Protein chains: 2
Amino acid sequence: MSVRRLCLAMLSEGDATGYEIRKEATSGCFSYFEDASYGSIYPALAKLEKEGLVTMREEKQPGKPARKVYSITQTGRDALLDMLREDLPPDIYRSPFLLVAMSAEQVGGKAIRRAIDLQIEQTRHKLQQLSELKSRITDKPLNRGILWGINYGIDCMIQKIGYLEANRAELEAIADGDGNGSQPQAAAPVQTPQAAE
Amino acid sequence: MSVRRLCLAMLSEGDATGYEIRKEATSGCFSYFEDASYGSIYPALAKLEKEGLVTMREEKQPGKPARKVYSITQTGRDALLDMLREDLPPDIYRSPFLLVAMSAEQVGGKAIRRAIDLQIEQTRHKLQQLSELKSRITDKPLNRGILWGINYGIDCMIQKIGYLEANRAELEAIADGDGNGSQPQAAAPVQTPQAAE
DNA sequence: CTGACCATGTAACCCGTTACATGATTCT
DNA sequence: AGAATCATGTAACGGGTTACATGGTCAG
């Protein structure tokens, strides 16, 4: 049900081909919290068309396979709204990195350093993607909800990077097997103003 | 491969039954970034035993089905280390909530408010779980890597709640369809010191 | 007595990924 | 020349969830 939802949501912002939807999902506005491969998108679009939630027109281009441009229908819009208003499965976060971090003592300093480096690098990469996207759409007459979402993602990633940089030393010490007990117990958060609750 | 890894990681902290592993995955230390159901755990444990990565002993209890307590073997420990050191698929975040948020204009204020409330509530709930867990293990001779991971999760959730509370008004305004152009463009982050990069 | 918790397991199903199949065009 | 981008699609496979099957204990 998730790829369906994603396709409808994207088409509600404008017509697109399966190829374009995949690109958006992988590196566009939605890439922070969604992803999908061709193998799921193409069948989903075909089914949505069969059900009348989207329509398709073929744009022939010499040499290349014809582009199949999909448009959402009113029925599709209604169905999307229903999905968005009714069922909201909770967010999901899966982190192999944290599993490694929690096993720091066993894994050792070298692997931990590599894992942290990778983690920061990946986060930086996504952050940059989103930042570019943002600068490209800011002040255009584009959907302001999307801008809000992008800002949310950017904030999360900045915070994440900051936390990792501020606290990596402690984790590395654990991984290196320092016998001491002088850990900065609360793991001194990057910043701690009032922050909720 | 993920449930295998999870089972081994948990067993490396101490013996456990399938039931206990599931509980930990759902509401324990690992629950912030992992999850698994019986339907995947029991078969995984059986297979791990067949492969010699864990051993099992049955503890009979009158009336109840015998507890099957699993222990990790040295081979299992080695295999776990290999997994943790070598392959590290990137973290995954999936957020139906953000899809709704990005569709704010279509979805409308009422639904947005509900979605935000739910999101905050769920995050608060998880935060409380982790906080309790933390206070229960702090200063015990327990794995300090795990404590680090818990602190990481706690920080992320506090920050998330703070961001949602600070910026919900803006999203609600978008959803309510205010025609104005006086948005707090940068969506005033809860705090913005230097923060990385 | 009802619901939550303990405790195990299987089978059907779902949703998605990976790999394959095909092929032109444009950038380096 | 080789890689990347455009462009569609299918089939095999995988990993997990949900629902089912079973049943005792304990607290409210």
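Colleague: How many residues does each chain put into the contact between chain B and chain A?
Modeller: Chain B gives 76 residues and chain A gives 76 residues. Contact here means heavy atoms within 4.5 Å. Keep in mind that this is a predicted model: local features need pLDDT of at least 70, side-chain atom pairs count only at pLDDT 80 or more, and totals for chains, interfaces and linings use all residues. Residues are numbered from 1 along each chain as its sequence is written, chains are lettered from A and ligands numbered from 1 in the order in which they are written, and side-chain values use heavy atoms, with hydrogens and water left out.

Colleague: What area is buried between the two chains?
Modeller: About 7,400 Å² is buried between chain B and chain A, and carbon and sulfur atoms give 61% of that. Buried area is the accessible area (1.4 Å probe) that two parts lose on being put together, summed over both.

Colleague: Which three residues of chain B supply the most?
Modeller: B:Met102, B:Arg144 and B:Trp148. They supply 13% of the area that chain B buries against chain A, more than any other three residues.

Colleague: How many salt bridges between chain B and chain A?
Modeller: Two. The term means a side-chain nitrogen of Lys or Arg within 4 Å of a carboxyl oxygen of Asp or Glu. In one salt bridge, A:Lys160 meets B:Asp91 at 3.9 Å, N to O.

Colleague: And how many residue pairs in polar contact?
Modeller: There are 20 between chain B and chain A, both residues at pLDDT 80 or more. A polar contact is a pair of N or O atoms within 3.5 Å; within protein, one must be able to donate a hydrogen and the other to accept it, and residues adjacent in sequence count only if both atoms are side-chain atoms.

Colleague: Which element gives the largest share of chain B's side?
Modeller: Helix 8 of chain B, with 22 residues. Helices (H or I, at least four residues) and strands (E, at least two) are DSSP runs, numbered from the N terminus. By class, that side of chain B has 40 nonpolar, 17 polar and 19 charged residues. Ala, Val, Leu, Ile, Met, Phe, Trp, Tyr, Cys and Pro count as nonpolar, Asp, Glu, Lys and Arg as charged, and the others, Gly among them, as polar.

Colleague: Strand 3 of chain A and strand 3 of chain B: parallel or antiparallel?
Modeller: Antiparallel, over three bridges. Two strands pair if DSSP finds at least two bridges between them. A:Arg94 stands opposite B:Ile92.

Colleague: On to the DNA. Which residues come nearest to DNA strand D?
Modeller: A:Tyr19, A:Tyr42, A:Lys68, B:Ser37 and B:Ser40, out of 19 around that strand. Near means that one of the residue's heavy atoms lies within 4 Å.

Colleague: Which phosphate distances do you have for A:Tyr19 and A:Tyr42?
Modeller: A polar side-chain atom of A:Tyr19 is 2.9 Å from a phosphate oxygen of DNA strand D. For A:Tyr42 the distance is 3.0 Å. B:Ser37 also places a side-chain N or O atom 2.6 Å from a phosphate oxygen of that strand.

Colleague: What share of the DNA strand D atoms within 4 Å of the protein is sugar or phosphate?
Modeller: 69%, and the rest belong to bases. On the protein side, helix 2 of chain A gives the largest share of the surface, three residues.

Colleague: Now DNA strand C. Which residues come nearest there?
Modeller: A:Ser2, A:Ser37, B:Tyr19, B:Tyr42 and B:Lys68, of 18 around the strand. A:Ser37 has a polar side-chain atom 2.6 Å from a phosphate oxygen. For A:Ser40 the distance is 3.0 Å, and for B:Arg67 it is 3.2 Å.

Colleague: How do the residues near DNA strand C divide by class?
Modeller: Seven nonpolar, nine polar and two charged.
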